[in-house]
Amino acid sequence: MNHDVFISYSSKNPEVALAVCHTLEEHGIKCWMAPRNIPPGGDYGDLIDEAIIASKVFLFIYSFESVNSVWCKGELNVAFSEEKTIIPYRIDTTPMKGAVRVMLNQRHWLDAYPDYKSQFASLVEAVNRSLGKTMVPNSMPLRSTPTEEKTYKVGDLYDENGKKGVVFEISADGKHGKIVSLIEGAEMEWRSYDGYANIQWGLDFNSGEGCGDRQNGYVNMQKIQEIPQWQKKFPAFAWCANLGDGWYLPATDELKAICNTKYKINSTLSANGCNTLRICHWSSVEMGGNFACYISMPDGRDNYDSKNRTFSVRAVSAF
């Protein structure tokens, strides 16, 4: 592992973590973050532990979500135990309490709210100082915020940094949101079973892979990626991940948002020579051990069927 900074963040704040990572690496600071730096089939727990130990600086994206995340608190505990330089980057006003307060109370904070980009310049300076670097290379000028950002609206084609899709969800300022992929995976299984699957008709809500987040499919994707040989066992998830960093199988609410804007999305897809949305799409949400949810695009209803049924797959990503 050859990196300077380990970035710890909640899976509900991926756009912040990716922006922070991009800014640091733009200024010559090598970063490690999950799931970007976890190879296919890698063990999450082992690799995260190794990456924290190998890092020089532990950057904690402090938010309501991260301080209530078991994973983030575990990562913070490792960094604290290993006596790493910890930099909390605070993106909201959630108060400190408990173990998090004990570990972070005496640290040098960077308060970056309500605009998480407002302290990018200070962040780069703080990390460089912690690494013993006295200046930022002239070839990479330091700036507090990126240059003028493009704004979007629902239905627009997004094409930046090698990532393409159609906008289906947008922030109030039009600068951030989510996109659905231009391409689709046709007739794919949610889960592929070796041999005959003993499907029990009746839901067991206490079994399965733990994919229960209806709002953020990225959280469900992380659950799946913890399973050995997940690429082989879960074709729909693997297809989305193979599109590149940040792509994942959407949750039910994300698919419903796509359904609500399907006419604008289909218009953009057609204009760019792509297939329009099919009738049924897998979500990343499961209903017990043998069943998963899919969304009917004509009416936006969520249904469930056995995981080895085949439905269409579209990936989504935040920007």
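**Notebook: helix α4, the cores, two cysteines**

I started on α4, where V70 and S81 turn out to be exposed on the side away from its buried residues. Note to self: this is a predicted model.

Next I looked up which residues of α4 are buried, and got C72, E75, L76 and A79. They cover an arc of only 100° around the axis, so they sit on the same side of α4.

What covers that buried set? I found that the cover includes β1 (5–8), α2 (44–54), β3 (57–62), α3 (64–67), β4 (85–90) and α5 (98–104).

I then checked the length of α4. The helix has 12 residues, 70–81, and at 1.5 Å a residue it should span 16 Å; I get 16 Å between its end C-alpha atoms, which agrees.

Then the ends of α4. S69 caps the N-terminal end, with a side-chain oxygen 3.3 Å from the backbone nitrogen of W71. After the helix comes E83, and its phi is positive, near 55°.

On to the cores. The largest nonpolar core holds 70 residues, and I7, V20, L24, L59 and Y89 have the most contacts inside it. Helix α1 (residues 14–26) gives the most to this core, six residues. That fits the usual picture: in soluble globular proteins, nonpolar side chains tend to be buried together.

I picked L24 and listed its contacts, leaving aside neighbours within four places in sequence: V5, I29, C31, L59, L123, V124 and V127. Apart from the core that L24 belongs to, there is another one of 21 residues, with A51, Y62, I86 and W109 among them.

L123, V124 and V127 sent me to α6 (residues 120–130), where the buried residues are F120, A121, L123, V124, A126, V127 and N128. I looked up their cover too, and it includes β1, α1, β3, β4 and β5 (110–111). α6 is followed by G132, with a positive phi near 80°.

Last item, the cysteines. How many disulfides does a search of the whole structure find? Zero. Why is C21 not bonded to C31? The closest cysteine sulfur to that of C21 is in C31, 4.4 Å away, and that is too far for a bond, since a disulfide needs the sulfur atoms within 2.5 Å. Seen from the other end, C31 is in no disulfide either, and its nearest cysteine sulfur is that of C21.

Are these two buried or exposed? C21 counts as buried because its relative accessibility is 3%. C31, with a relative accessible area of 4%, is buried as well.

Note on methods
Residues are numbered from 1 along each chain as its sequence is written. Side-chain values use heavy atoms; hydrogens and water are left out. Helices (H or I, at least four residues) and strands (E, at least two) are DSSP runs, numbered from the N terminus. The expected span of a helix is 1.5 Å times one less than its number of residues. Buried means under 20% relative accessible area, exposed over 50%, partly exposed in between (1.4 Å probe, protein chains only). The arc is that of the directions from the helix axis to the C-beta atoms. Contact means heavy atoms within 4.5 Å. A polar contact is a pair of N or O atoms within 3.5 Å; within protein, one must be able to donate a hydrogen and the other to accept it, and residues adjacent in sequence count only if both atoms are side-chain atoms. A nonpolar core is a set of buried Ala, Val, Leu, Ile, Met, Phe, Trp, Tyr and Cys residues joined through side-chain atoms within 4.5 Å.
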